[in-house]
Amino acid sequence: MTLAVHPTSPTHSTARQPVEVRQVGGRLGAEISGVRLGGDLAPDVVEQVRAALLRHKVVFFRGQHHLDDEAHAAFAELLGDLTTAHPTVNTGSARVLRVTANRGMAANSWHTDVSFVDRVPAISVLRAVTLPDFGGNTVWANTAAAYDGLPAPLRALVDELWAHHTNSYDYAQRDEEHDEPDANYTRADFASQIFETRHPVVHVHPETGERSLLLGHFVKDFVGLTSTESIALFQLLQNRVTKLENTVRWRWAPGDVAMWDNRATQHYAVADFDTQPREMRRITVQGAVPVGIDGRRSVVVAGDASAYTRIDELIS
């Protein structure tokens, strides 16, 4: 059964209507159909979309050709307060981050969005604007499933492990083939202010209670370990996160929107589209300070992210 949502309706129906959700991956990923995204979705529809997101970690919507930046932001705001576009980059927009490439560049490194600030974003909503004729897929990995799959000795280690995350390790600055990380922004833009936060490697999801690994390529090192030890352990854990059985890959089409739970995933944009243009636009929902399994919260080491996301009321 599909759901017709009428954007011009002055009121929302109080009748609960089922959203059609089709699972696309064994451990994460689902396609939602029958929903026309925008700021006028009925509360019951938003509730069902959120439930699908929490269960499947990343959800996809086809055929959202009507969306512009304003409608995109209005939909995202139904899920929570929004961050600004980026902590360091002046995008020319208060809320919208343009992620562009015209020389085969993409965020070709596994990461959780903006994990270098203390309030890691909760949800990212990404829409396709310009797509290459081939390539440019995005892959997501389930960090909760990765934790669940750890053998007991590794789990005992990571349960008490903390890591430093910093934008000096921003994926956009780690491109070895190009002088600039993005068609519109420079390396200096991304590193114009340095942020560093100490996060628990295992954090408790504030909505589901699941335990997830908080890693990705903003990690600089692990607290108490040497650089050599940190590199070895990071690779071991990242391999657990990104094993193929733990991932889902999305082939973008015009009108597509992807939305993911940034607290339980990593993602990777594949730079395999040669010199074709590719533009995506991302709007981000604010998150809370990560909490470890012992109840301790992440700690700011450097940088003030209050212009990006509210940092008041840190303790709920």
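**View 1. F116 is a buried residue that pairs with F218.**
F116 has a relative accessibility of 1%, so this residue counts as buried. The model is predicted. F218 has a relative accessibility of 2% and counts as buried too. The two rings form an aromatic pair. Their centres lie 5.0 Å apart. The angle between the planes is 75°, and the pair is edge-to-face. F116 sits in the loop between β4 (97-101) and β5 (123-130). F218 sits in the loop between β10 (211-213) and β11 (219-222). These parts are 102 residues apart in sequence, so the pair ties together distant positions in the chain.

**View 2. F60 and W250 stack ring on ring.**
A search of the whole structure gives seven aromatic pairs. In the pair of F60 and W250, the ring centres are 3.9 Å apart. The planes meet at 0°, so this pair is stacked. F60 belongs to strand β3 (residues 58-61). W250 belongs to strand β12 (residues 247-250). The two residues are 190 residues apart, and their pair links distant parts of the chain. Both F60 and W250 are buried. Ring pairs also bring in W140 and W260: together with F60 and W250 they make a cluster.

**View 3. R155 lies over the ring of Y147.**
Here a charged side chain meets an aromatic face. R155 is placed over the face of Y147. The distance to the ring centre is 4.8 Å.

**View 4. K57 and E210 form a salt bridge between two loops.**
The whole structure holds 14 salt bridges, according to the search. In the bridge between K57 and E210, the closest N and O atoms are 3.1 Å apart. K57 is in the loop between α1 (43-56) and β3. E210 is in the loop between β9 (202-204) and β10. The partners are 153 residues apart, so the contact links distant parts of the chain. Is K57 buried or exposed? Its relative accessibility is 4%, and K57 counts as buried. E210 is partly exposed, with a relative accessible area of 27%.

**View 5. K220 and E196 join two strands through a salt bridge.**
The N to O distance between these side chains is 3.1 Å. K220 lies in strand β11. E196 lies in strand β8 (residues 196-200). They are 24 residues apart, and the pair links distant parts of the chain. K220 has a relative accessible area of 32% and is partly exposed. E196 has a relative accessibility of 12%, so E196 counts as buried.

**View 6. R296 and D294 form a salt bridge, and other charged residues make a network.**
The closest N and O atoms of R296 and D294 are 2.8 Å apart. R296 is partly exposed, at a relative accessible area of 45%. D294 is partly exposed as well, at 47%. Elsewhere, salt bridges share partners. They join D69, R98, R127, E279 and R281 into one network.

**View 7. Three strands make an open sheet.**
The order is β12-β6-β14, and the pairing is antiparallel. Why do β12 and β14 (265-269) each have one side without a neighbour in the sheet? Both stand at the edges with a single partner strand, so one side of each is left free of a neighbour. On average, neighbouring strands are turned by 20° against each other, direction ignored.

**View 8. Strand β6 pairs with β12 and with β14.**
Strand β6 (residues 138-142) pairs with β12 over four bridges, in the antiparallel sense. With β14, the antiparallel pairing of β6 runs over five bridges. Follow W140 across the sheet. W140 stands opposite V248 in β12. W140 also stands opposite H267 in β14. A141 has T247 of β12 opposite.

**View 9. Strand β6 is covered on both faces.**
How many of the five residues of β6 are buried? Five of the five are, so the strand is largely enclosed by the rest of the structure. T138, W140 and N142 are on one side. V139 and A141 are on the other. W140 also appears in the ring cluster with F60, W250 and W260.

Conventions
Residues are numbered from 1 along each chain as its sequence is written. This is a predicted model: local features need pLDDT of at least 70, side-chain atom pairs count only at pLDDT 80 or more; totals for chains, interfaces and linings use all residues. Side-chain values use heavy atoms; hydrogens and water are left out. Rings of Phe, Tyr and Trp (its six-membered ring) pair if their centres lie within 6.5 Å; planes under 30 degrees apart count as stacked, over 60 as edge-to-face and the rest as tilted. Buried means under 20% relative accessible area, exposed over 50%, partly exposed in between (1.4 Å probe, protein chains only). A charge sits over a ring if NZ of Lys or CZ of Arg is within 6 Å of the ring centre and within 35 degrees of the ring normal. A salt bridge is a side-chain nitrogen of Lys or Arg within 4 Å of a carboxyl oxygen of Asp or Glu. Two strands pair if DSSP finds at least two bridges between them. Axes are lines fitted to C-alpha atoms, for helices over the stretch in contact, and angles run from 0 to 180 degrees between N-to-C directions.
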